[in-house]
Amino acid sequence: GTLSKENPTLYFTVGEWKLKKDIEVSIICHSKKAQKRSGDLIIAYQSLLKLKKSTSTTKSEIRIWKIINKFLSNEFSKDVQHGKEFKYKISALFANQLLKSKKVSGIFYPSVGYRFYGHNVAYDISLIDNGTIALGSVKHVKCTFIHKNKAPKVEILNSAHSIIGDHIKWK
């Protein structure tokens with residue numbers, strides 16, 4: 001559903017995945033809007049900037065890196081209304097191309113639906129097939145936003161520990 005003043009509640013399904021070995025992920029952390037709600041993103045950005053400064057040869061290279069990553073972060077941080085999903089085309093294309101490149105096995109990005117209080121991870125599907133990640137559990141969650149500047153109230157409505165094909169086996 002779409003979050004609004006009249007409808008401050010969202011229902012969604014959350015999968016908890018267990019890593020069997022370390023993987024490399026790309027973190028989308030340059031959005032100032034998302035950083036306001038997540039100290040993790042600020043720390044990640046500062047760490048990446050320090051690394052970039054130590055490996056770059058010119059200030060221009062760093063500036064271009066910042067511009068590109070800020071643009072991509074803002075694309076991943078868009079609040080898109082129902083029926084306007086085409087506005088995700090740039091972030092979807094970037095994610096698909098990055099995962100297909102096999103340079104990383106996942107993408108860590110801020111959760112717009114959770115108003116940046118949380119994060120999402122998109123994994124390369126091959127990680128499931130090759131056993132690198134395994135499903136830990138699935139939860140059906142009710143998320144109620146009482147105030148726009150506070151984390152929402154989260155209630156777990158149901159949980160499951162297996163998926164067979166496309167079907168979740170709820171408890």
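**View 1. Lys 102 lies in the loop that runs between helix 4 (89–101) and strand 3 (106–110).** In this predicted model, the phi angle of Lys 102 is near 65°, which is a positive value in a residue other than glycine. The relative accessibility of Lys 102 is 55%, and because exposed means over 50%, this loop residue counts as exposed.

**View 2. Lys 52, in helix 2, is a buried lysine.** The relative accessible area of Lys 52 is 19%, and since buried means under 20%, the residue is therefore placed in the buried class. When its neighbours within four places in sequence are left aside, Lys 52 is in contact with Glu 61, Ile 62 and Trp 65. For one of these partners, Ile 62, the C-alpha atom is separated from that of Lys 52 by 6.9 Å, with the two residues 10 apart along the chain.

**View 3. Five lysines gather in a patch of positive charge on the surface.** The members of this patch are Lys 32, Lys 53, Lys 59, Lys 66 and Lys 70. Helix 3, which covers residues 59–76, gives the most to the patch, with three residues, while Lys 53 has its place in helix 2 (residues 39–55). For the chain as a whole, there are 30 positive and 13 negative side chains, and the centres of these two sets lie 7 Å apart.

**View 4. Trp 17, Ile 125 and Ile 128 together make a nonpolar patch on the surface.** The area of this patch is about 280 Å². One of its members, Ile 128, lies in helix 5, which spans residues 126–129. With a relative accessibility of 36%, Ile 128 counts as partly exposed, because this value falls between the 20% limit for buried and the 50% limit for exposed residues.

**View 5. The whole chain, shown for orientation, has five helices and seven strands.** Read from the N terminus on, the elements follow the order β-β-α-α-α-α-β-β-α-β-β-β. The C-alpha atoms fill a box of roughly 55 × 45 × 30 Å, taken along the principal axes. Of the 171 residues in the chain, 29% are buried, and the accessible surface comes to about 11,400 Å², with 55% of it belonging to carbon and sulfur atoms. Among the contacts between residues at least 6 apart in sequence, 56% join residues that are at least 24 apart.

Conventions. Residues numbered from 1 in each chain as written. Predicted model: local features only at pLDDT ≥ 70, side-chain atom pairs only at ≥ 80, totals over all residues. Heavy atoms only, no water. Patch = residues over 30% accessible without salt bridge, like charges linked within 9 Å, V, L, I, M, F, W, Y side chains within 5 Å. Areas by Shrake-Rupley, 256 points an atom, 1.4 Å probe, with all protein chains shown as cover. Salt bridge = Lys/Arg side-chain N within 4 Å of Asp/Glu carboxyl O. Lys, Arg positive; Asp, Glu negative; His and termini not counted. Charge placed at Lys NZ, Arg CZ, Asp CG, Glu CD. Helix = DSSP H or I, 4+ residues; strand = E, 2+ residues; numbered from the N terminus. Buried < 20%, exposed > 50% of the residue type's maximum accessible area, 1.4 Å probe, protein only. Contact = heavy atoms within 4.5 Å.
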